[in-house]
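Visitor: I should like to request a close look at a single part of this model, taken together with its surroundings. Please begin with the overall layout and then proceed to the detail.

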Amino acid sequence: MAVPCFGSPLRARAGVRFLALIALTAATACSNGSSPAPTGSPSASAKPATTITVTMKEYSLALSPGRAPTGSVTFVVRNAGDLAHALVVAGPGVSDAHTSTIPPGGQARLTVSLKAGSYELWCPIDKHKELGMDTHLQAGGNGPSSPAPGSPAAAPTSTGR
């Protein structure tokens with residue numbers, strides 16, 4: 001013989017809803033709202049993004065740092081001159097990477113995937129390259145993208161007058 005707990009089916013459903021509400025409230029109260037921390041470690045191939053600042057003015061280019069690792073590199077190009085400039089990057093696997101024209105005081109970004117080797121950077125406007133707005137950047141090799149302070153490679157690379 002069955003003994004009714006709640007007296008009627010209607011009361012039984014209300015009791016089940018009440019218990020479900022309590023369980024949900026308890027689960028929510030115990031949660032801090034954040035998702036669990038990922039497990040494992042980042043892959044060995046994951047590299048932090050590299051940024052190289054290129055300062056352009058009449059008629060020079062200055063790179064900081066003057067070396068780069070292989071992989072994705074973002075050039076932050078600042079026009080500190082009185083004339084409009086632009087930047088072209090060419091080297092192993094890179095042939096048509098360039099910024100649009102940057103007005104005086106302006107800035108542009110250019111992201112390029114670099115392989116090991118030497119890259120040429122220059123201003124393609126008028127005869128700016130011939131006037132000294134031309135330099136080289138070494139990518140890859142042994143060493144970090146930012147050399148140790150005091151080392152000869154730590155100084156910014158600069159060209160022009």
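How many helices and how many strands does the chain have? Within that layout, please examine strand E9: along E9, which side chains point to one face and are buried, and which point to the other?

Guide: The structure is a predicted model, and what follows should be read in that light. The chain contains one helix and ten strands. The helix is placed ahead of the strands, since the order of elements from the N terminus is α-β-β-β-β-β-β-β-β-β-β. Of its 161 residues, 31% count as buried. The accessible surface comes to about 10200 Å², and carbon and sulfur atoms account for 59% of that area. Sequence-distant contacts are well represented: among contacts between residues at least 6 apart in sequence, 60% join residues at least 24 apart.

Strand E9 covers residues 134-139. It belongs to an open sheet of five strands, ordered E3-E9-E8-E5-E6, in which the pairing is mixed. E3 (67-68) and E6 occupy the edges with a single partner strand each, so one side of each has no neighbour in the sheet. E9 has E3 and E8 beside it in this order, and the two pairings can be taken in turn.

With E8, the pairing is antiparallel and extends over six bridges. Two bridge partners illustrate the register: Glu120 is matched with His136 in E9, and Leu121 is matched with Thr135. With E3, the pairing is parallel and rests on two bridges; here Ala68 stands opposite Ala139.

The faces of E9 can now be assigned. In a regular strand the side chains alternate between the two faces of the sheet. Along E9, Thr135, Leu137 and Ala139 point to one face and are buried, whereas Asp134, His136 and Gln138 point to the other face and are not buried.

The buried face leads to the question of the core. In soluble globular proteins, nonpolar side chains tend to be buried together. The largest nonpolar core of this model has 26 residues, and Leu137 is among those with the most contacts inside it, alongside Val54, Phe75, Val89 and Leu121. E1, E2, E4, E6 (94-98), E7 (107-114), E8 and E9 each supply at least two residues of this core, and E7 gives the most, with four. Phe75 touches Leu137 directly; its other contacts beyond four places in sequence include Ile52, Val54, Leu87, Val89, Leu110, Val112 and Leu121.

Two of the other contributors, E1 (residues 50-57) and E2 (residues 60-64), run antiparallel and are joined by five bridges. The hairpin between them passes through two residues, and in E2 the bridge partner of Thr53 is Ser64.

The approach to E9 along the chain also merits attention. The loop between E8 (117-122) and E9 holds His128. With a relative accessible area of 4%, His128 is buried, as such a value lies under the 20% cut-off. Its side chain makes a polar contact of 3.1 Å with the side chain of His85. His85 lies in another loop, the one between E4 and E5 (88-91), and is buried at 0% relative accessibility.

Cys123 and Met133 appear among the contacts of His128, together with Tyr59, Leu83, Ala84 and His85, when neighbours within four places in sequence are left aside. Both Cys123 and Met133 are also touched by His85, whose further contacts include Met56, Lys57, Glu58 and Ile125. Glu58 shows how sequence and space diverge here: it is 70 residues from His128 in sequence, yet the C-alpha to C-alpha separation is 7.9 Å.

Lys129 supplies a charged counterpart to this picture. Side chains of opposite charge can pair when their charged atoms come close. A search of the whole structure finds one salt bridge, in which the side chains of Glu120 and Lys129 meet at 3.4 Å, N to O. Lys129 is partly exposed, with a relative accessible area of 28%. Glu120 thus returns the account to E9, where its bridge partner is His136.

How values were computed:
Residues numbered from 1 in each chain as written. Predicted model: local features only at pLDDT ≥ 70, side-chain atom pairs only at ≥ 80, totals over all residues. Heavy atoms only, no water. Pairing = 2+ DSSP bridges. Buried < 20%, exposed > 50% of the residue type's maximum accessible area, 1.4 Å probe, protein only. Contact = heavy atoms within 4.5 Å. Core = buried A, V, L, I, M, F, W, Y, C linked by side-chain atoms within 4.5 Å. Polar contact = N/O pair within 3.5 Å; in protein donor to acceptor, adjacent residues only side chain to side chain. Areas by Shrake-Rupley, 256 points an atom, 1.4 Å probe, with all protein chains shown as cover. Salt bridge = Lys/Arg side-chain N within 4 Å of Asp/Glu carboxyl O.
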